[in-house]
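Q: Before we start, please show me the sequence and the structure. I would like to ask how each term is justified.

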Amino acid sequence: MYKDKLELKIAGVIGDPINHTRSPLIHQYWINKNQINCFYIPIRVRSFELEKKLFYIKELNFSGLNVTIPHKENILNFVDEIKDSAKVIGAANTIYFKNGKIIADNTDTYGFYQSLIKNFPNYNFKKEKVLVIGAGGASRAVTSVFLKQNIQEIRIINRNIDKAMKIKNDLSSKIKIYNWSEFPISLNEITTIVNTTSLGNLGSEHFNLSLKGVKKGGIAIDLIYNPLKTSFMKQAEKENMRAINGLDMLIYQAKSGFQNWFKNKPTYTNELRKIIEDSIKS
Ligand code: ATR
């Protein structure tokens with residue numbers, strides 16, 4: 001049944017709390033589909049024990065590891081190599097173990113790009129004027145994708161303006177920075193809005209800023225996927241925007257890690273998407 005019965009592999013995700021993570025659902029789905037003899041396990045790792053547990057995980061010969069809150073930034077202190085994508089974001093969501101080394105990567109840029117072109121295949125970066133809301137790690141991933149694709153215009157608005165200024169300094173002088181109080185900053189010029197804040201996430205405050213005045217038919221992308229219909233998407237749909245949640249980005253960011261760990265190309269399927277949706281609805 002399995003291709004290499006004798007070699008039992010292990011992979012997993014570390015974080016604290018760890019119960020909410022959808023990573024096991026996604027990876028176990030691909031492990032089964034591709035008949036890989038592997039267990040994917042969630043491991044609770046508290047902040048103070050990160051270095052020690054990472055060492056044990058490496059000793060146990062894990063194929064790979066996903067990293068979630070609160071370790072995404074701190075883990076960079078305990079790895080041997082940091083890929084450029086993780087350097088740009090200042091955080092890692094995926095770890096590879098190669099020749100005794102721990103390598104940190106961030107696959108959110110890949111995930112965001114793939115989700116965008118899957119949902120909007122004719123997206124023309126060179127013609128779009130984008131507003132990114134938020135200035136955390138996710139905002140850096142999204143912003144770096146737009147910059148790489150030569151977006152026509154990009155603005156960032158954040159509650160803490162210093163964090164937005166730092167992204168501009170680190171990534172590109174092309175980025176225009178706006179104060180939170182300036183919302184809705186001439187939205188009539190904007191053709192794409194991305195919400196990278198936690199506003200609207202399950203258990204967080206709702207996204208209740210009005211998007212009135214935005215171009216009709218524009219694109220609204222939330223990185224949040226729980227709930228499936230987010231408060232940001234609702235605001236966007238009121239203005240006749242085409243809105244998507246962060247579910248596809250979640251699947252695609254996982255795909256990149258899986259591919260690297262197992263040298264096996266997993267497939268995005270509607271069946272997988274439905275499995276995750278059902279886990280959120282229930
Ligand atoms: P991630 O890694 O997912 O980007 P993060 O780095 O913690 O997470 O960033 C969270 C983002 O949500 C930030 O832009 C944060 O704004 P501040 O930088 O001003 O803190 C934003 N955010 C969180 N709660 C918010 C709120 N109540 N109102 C506005 N923005 C909020």
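Q: How many nonpolar, polar and charged residues are in the shell around the ligand?
A: In this predicted model, the shell around the ligand holds four nonpolar, seven polar and three charged residues.

Q: Which residues around the ligand come nearest?
A: There are 14 residues around the ligand, and Ala135, Ala138, Asn158, Arg159 and Lys163 come nearest.

Q: What makes the pair between Asn158 and the ligand a polar contact?
A: A side-chain N or O atom of Asn158 and an oxygen atom of the ligand are 2.7 Å apart. The cut-off for a polar contact is 3.5 Å, so this pair counts.

Q: Why is the pair between Asn160 and the ligand called a polar contact?
A: Here a backbone N or O atom of Asn160 is 2.9 Å from a ligand oxygen atom. That value is within 3.5 Å, so the pair is a polar contact.

Q: What makes the pair between Glu205 and the ligand a polar contact?
A: An N or O atom in the Glu205 side chain lies 3.4 Å from a nitrogen atom of the ligand. This is also within 3.5 Å, so the pair counts.

Q: How much of the ligand's accessible area does the protein cover?
A: On its own the ligand has 640 Å² of accessible area, and the protein covers 71% of that.

Q: Where does the ligand sit?
A: The ligand sits in the largest pocket.

Notes. Residues are numbered from 1 along each chain as its sequence is written. This is a predicted model: local features need pLDDT of at least 70, side-chain atom pairs count only at pLDDT 80 or more; totals for chains, interfaces and linings use all residues. Side-chain values use heavy atoms; hydrogens and water are left out. A residue is near a molecule or strand if one of its heavy atoms lies within 4 Å of it. A polar contact is a pair of N or O atoms within 3.5 Å; within protein, one must be able to donate a hydrogen and the other to accept it, and residues adjacent in sequence count only if both atoms are side-chain atoms. Accessible areas come from the Shrake-Rupley method with a 1.4 Å probe; for residues, only the protein chains shown count as cover. On a 1 Å grid over the protein atoms alone, a cavity is a set of points where a 1.4 Å probe fits but cannot get out, and a pocket is an open set with protein on both sides within 12 Å along at least five of seven lines; lining residues have an atom within 4 Å of a point. A molecule sits in a cavity or pocket if more than half of its atoms lie within 2 Å of its grid points. Ala, Val, Leu, Ile, Met, Phe, Trp, Tyr, Cys and Pro count as nonpolar, Asp, Glu, Lys and Arg as charged, and the others, Gly among them, as polar.
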